[in-house]
Amino acid sequence: MDSANAKPAVDLKPEDTEDWSVKPTQLSFSKGEVPSDAIILFDGTTLEAWQGDEGLEAPWEIVDGIARIVPGKGGISTREAFCDIQLHIEFRSPLQGMNGDGTGQVWGNSGVFLQSRYEVQVLNSFENETYANGQAASIYKQYPPLVNASKPPGEWQDYNVLFSSPSFDDDGALTEPAYVTVLHNGVLVQNHVEVLGPTRYIGLPEYEPHECAPLHLQDHGEAIEFRNIWVRKL
């Protein structure tokens with residue numbers, strides 16, 4: 001409304017500011033508080049929504065309703081590609097680090113790769129020091145979490161992630177970067193941060209044009225466990 005032509009508040013009625021043009025969809029919730037418009041990626045029974053390298057069957061094992069990495073078999077990626085999403089995922093680190101060495105990056109290391117490129121780090125960061133932009137809930141090598149909300153190894157934890165995918169023009173130039181918000185165990189740890197580009201272990205990130213892409217869960221050589229994974233398209 002043009003402010004020059006706006007009615008003074010004294011002349012307005014309550015219904016003048018009521019919006020009846022839309023009706024938000026009524027959701028229901030299944031066991032585990034999964035919203036009815038969610039896409040279930042893992043409910044404890046099957047990994048059919050996932051695949052291994054080169055489109056092969058997902059190589060992880062399911063034990064008592066839990067998906068467990070089989071170290072050395074590779075990560076898994078969703079068969080479906082996603083753009084903007086809300087993601088819920090639960091994970092559990094082992095009680096001991098790799099080869100019994102419970103320090104730094106070799107204890108509970110995995111990663112949630114949004115669009116197979118942008119990593120939210122999975123790690124045991126409970127009383128386990130490492131570089132800040134590599135600890136749990138960091139946007140790996142880009143942003144440390146605002147606080148360390150990690151629980152002890154052996155306890156279930158969750159990430160709730162809001163992801164806005166980047167946009168590119170017809171020539172492949174970036175027109176809008178990706179943004180990520182992360183809640184770790186219900187605590188805000190990444191507040192709509194601007195992703196600088198794909199995750200790089202060595203070197204600086206630099207965007208490359210791409211379309212919607214799968215989620216990827218990393219095999220970093222440890223038997224990390226996952227459960228209750230779902231997404232909502234935004």
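Is Arg-68 buried, exposed or partly exposed, and what is its relative accessibility? I looked this up first and found that Arg-68 counts as partly exposed, at 23% relative accessibility. I note at the outset that the model is predicted.

**Entry 1: Overall picture**

I began with the secondary structure and found 17 strands and 0 helices in the protein chain. I then read the extent of the C-alpha trace, which spans about 75 × 40 × 40 Å along its principal axes. Of the 234 residues in the chain, 43% are buried. I recorded an accessible surface of about 12,900 Å² for the chain, and carbon and sulfur atoms hold 50% of that surface. I also checked how far apart contacting residues lie in sequence. Among contacts with a separation of 6 or more, 63% join residues 24 or more positions apart.

**Entry 2: The nonpolar core**

I turned next to the largest nonpolar core, which has 41 residues. Leu-87, Leu-114 and Tyr-159 have the most contacts inside this core. I listed the elements that give two or more residues to the core: β3 (39-42), β8 (85-92), β9 (110-114), β10 (118-122), β11 (157-164), β14 (179-184), β15 and β17 (225-233). Strand β8 gives the most, with 4 residues.

Which residues does Leu-87 touch, not counting residues up to four places away in sequence? I found Val-112, Leu-114, Tyr-159, Asn-160, Val-161, Leu-215, Ile-229, Trp-230 and Val-231.

**Entry 3: Aromatic rings**

I counted 6 aromatic pairs in the structure. I examined the pair of Trp-60 and Phe-226, which is stacked, with 5.7 Å from centre to centre and 20° between the planes. This pair links distant parts of the chain, as Trp-60 is in the loop between β4 (50-51) and β5 (61-63), Phe-226 is in strand β17, and the two are 166 residues apart. I checked the accessibility of each partner. Trp-60 is buried, with a relative accessible area of 7%, and Phe-226 is buried at 0%. I also noted one aromatic cluster, formed by Tyr-118, Phe-163, Phe-168 and Tyr-207.

**Entry 4: Salt bridges**

Side chains of opposite charge can pair when their charged atoms come close. With that in mind I looked for salt bridges and found that the structure holds 6.

I returned to Arg-68 and found that its side chain meets that of Glu-61 in a salt bridge, 3.4 Å from N to O. Glu-61 counts as partly exposed, at 34% relative accessibility.

I then took up Arg-227 and Glu-90, which form a salt bridge with their closest N and O atoms 2.7 Å apart. Arg-227 lies in strand β17 and Glu-90 in strand β8, so this salt bridge ties together parts that are 137 residues apart in sequence. Arg-227 counts as partly exposed at 27% relative accessibility, whereas Glu-90 is buried at 13%.

Where do Arg-92 and Glu-225 lie? I placed Arg-92 in strand β8 and Glu-225 in strand β17, 133 residues apart. Their side chains meet in a salt bridge of 2.8 Å, N to O. Arg-92 is partly exposed, with a relative accessible area of 22%, and Glu-225 is buried, with 9%. I further recorded that salt bridges with shared partners join Glu-61, Arg-68, Arg-92 and Glu-225 into one network.

**Entry 5: A surface patch**

I looked for nonpolar side chains on the surface and found a patch of Leu-146, Val-147, Leu-183, Val-187 and Leu-188. Together these residues have about 380 Å² of accessible area. I followed up Val-187, which is found in strand β15 (residues 187-194). Val-187 is partly exposed, with a relative accessible area of 34%. That value fits its place in the patch, because patch residues must have over 30% relative accessible area.

**Entry 6: Positive phi**

Most residues other than glycine have a negative phi. I therefore noted two residues that depart from this pattern.

Ala-137 has a positive phi of about 70° and is not a glycine. I located Ala-137 in the loop between β10 and β11, and found it buried, with a relative accessible area of 0%.

His-192 also has a positive phi, near 50°. I placed His-192 in strand β15, where it is partly exposed, with a relative accessible area of 47%.

How values were computed
Residues are numbered from 1 along each chain as its sequence is written. This is a predicted model: local features need pLDDT of at least 70, side-chain atom pairs count only at pLDDT 80 or more; totals for chains, interfaces and linings use all residues. Side-chain values use heavy atoms; hydrogens and water are left out. Patches are made of residues with over 30% relative accessible area and no salt bridge: like charges are joined within 9 Å, nonpolar side chains (Val, Leu, Ile, Met, Phe, Trp, Tyr) within 5 Å. Accessible areas come from the Shrake-Rupley method with a 1.4 Å probe; for residues, only the protein chains shown count as cover. A salt bridge is a side-chain nitrogen of Lys or Arg within 4 Å of a carboxyl oxygen of Asp or Glu. Buried means under 20% relative accessible area, exposed over 50%, partly exposed in between (1.4 Å probe, protein chains only). A nonpolar core is a set of buried Ala, Val, Leu, Ile, Met, Phe, Trp, Tyr and Cys residues joined through side-chain atoms within 4.5 Å. Contact means heavy atoms within 4.5 Å. Rings of Phe, Tyr and Trp (its six-membered ring) pair if their centres lie within 6.5 Å; planes under 30 degrees apart count as stacked, over 60 as edge-to-face and the rest as tilted.
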